[in-house]
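Me: I would like to go through the labels used for this model and ask what stands behind each of them. Please set each value against its definition.

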Amino acid sequence: MTEDALAYVKQRGLGALADKMGIEIVEFTIERAVARMPVLGNTQPADLLHGGAYVVLGESLGSMSANLYAGEGRLAVGIEINASHTRAATEGYVTGVCTPIHLGRTLTTHEIAVTDDRGRRCSTIRITNLIKDL
């Protein structure tokens, strides 16, 4: 993490929902953002990680990355998100790796690959953010 990006994350935070879910940032730059989240406490009744939990992890990473890219005086807001779940996580942590697909003047698109502790992909999330002036 660069010092500027680390300061940005500390100043802004990930939000109350991400805090409740135990999401923690591991790496944070415009080119790559990584966070992890525990499975325990974020499951559905069948003890599988809830599909919405994957999306919260993905949106947290994608939105924060878009806002870092947008810079001061601008705000990135999500306008579209989708997820494809391909494997169920049942224990340990999942890790999301967010990379930009498109970084434009008014739109950003990021892909977030979420894997389990064994490195197996569980979900692929794509988010598009609109960047607007404050």
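Reply: Strand β2 can serve as the opening case: five of its six residues are buried, so β2 is largely enclosed by the rest of the structure. Buried means a relative accessible area under 20%, exposed means over 50%, and partly exposed lies in between, with a 1.4 Å probe and protein chains only.

Me: What kind of model is this, and how are residues numbered?

Reply: This is a predicted model, in which local features need pLDDT of at least 70 and side-chain atom pairs count only at pLDDT 80 or more, while totals for chains, interfaces and linings use all residues. Residues are numbered from 1 along each chain as its sequence is written, and side-chain values use heavy atoms, with hydrogens and water left out.

Me: What makes a stretch a helix or a strand here, and how many of each does the protein have?

Reply: Both are DSSP runs numbered from the N terminus: H or I over at least four residues for a helix, E over at least two for a strand. On that basis the protein has three helices and six strands. From the N terminus on, their order is α-α-β-β-α-β-β-β-β.

Me: How do you know that β2 and β4 pair?

Reply: Two strands pair if DSSP finds at least two bridges between them. Strand β2 (residues 33-38) and strand β4 (residues 93-103) have six bridges and are antiparallel, so the pair meets the requirement of at least two. Within this pair, A33 has C98 as its bridge partner, and P38 stands opposite Y93.

Me: Which other strands pair with β2 or with β4?

Reply: Strand β1 (residues 24-28) runs antiparallel to β2, joined to it by four bridges. E27 and V34 are bridge partners there, and the hairpin of β1 and β2 has four residues between the strands. On β4, strand β5 (residues 107-115) pairs in the antiparallel sense over eight bridges. G96 faces V114 in that pair, and three residues lie between β4 and β5 in their hairpin.

Me: Why is S65 called buried?

Reply: Its relative accessibility is 1%, so S65 counts as buried. S65 is placed in helix α3. Leaving aside neighbours within four places in sequence, S65 is in contact with F28, A33, C98 and H110, where contact means heavy atoms within 4.5 Å. Of these, A33 and C98 are the bridge partners named above.

Me: What about S63, buried or exposed?

Reply: S63 has a relative accessible area of 15% and is buried, because the cut-off is under 20%. S63 also belongs to helix α3 (residues 51-70). Not counting residues up to four places away in sequence, S63 touches I127 and N129. T29 is 34 residues from S63 along the chain, with 13 Å between their C-alpha atoms.

Me: And A18, what supports calling that residue buried?

Reply: A18 has a relative accessible area of 2%, so the term buried applies. The residue is in helix α2 (residues 16-21) and touches I23 and S60, residues up to four places away in sequence not being counted.

Me: What makes D47 exposed?

Reply: The relative accessible area of D47 is 51%, and exposed means over 50%, so the label holds. D47 sits in the loop between β2 and α3. Its phi is near 65°, a positive value in a residue other than glycine. Most residues other than glycine have a negative phi.

Me: How do you know that the overall size agrees with a compact globule?

Reply: The radius of gyration is taken over C-alpha atoms, and the globule rule is 2.2 Å times the number of residues to the power 0.38. With 134 residues a compact globule would have a radius near 14 Å; the protein has 14 Å, so the two agree. The C-alpha trace spans about 45 × 25 × 25 Å along its principal axes.

Me: How much of the protein counts as buried, and what share of contacts joins residues 24 or more positions apart?

Reply: Of the 134 residues, 38% count as buried. Among contacts with a separation of 6 or more, residues 24 or more positions apart account for 63%.
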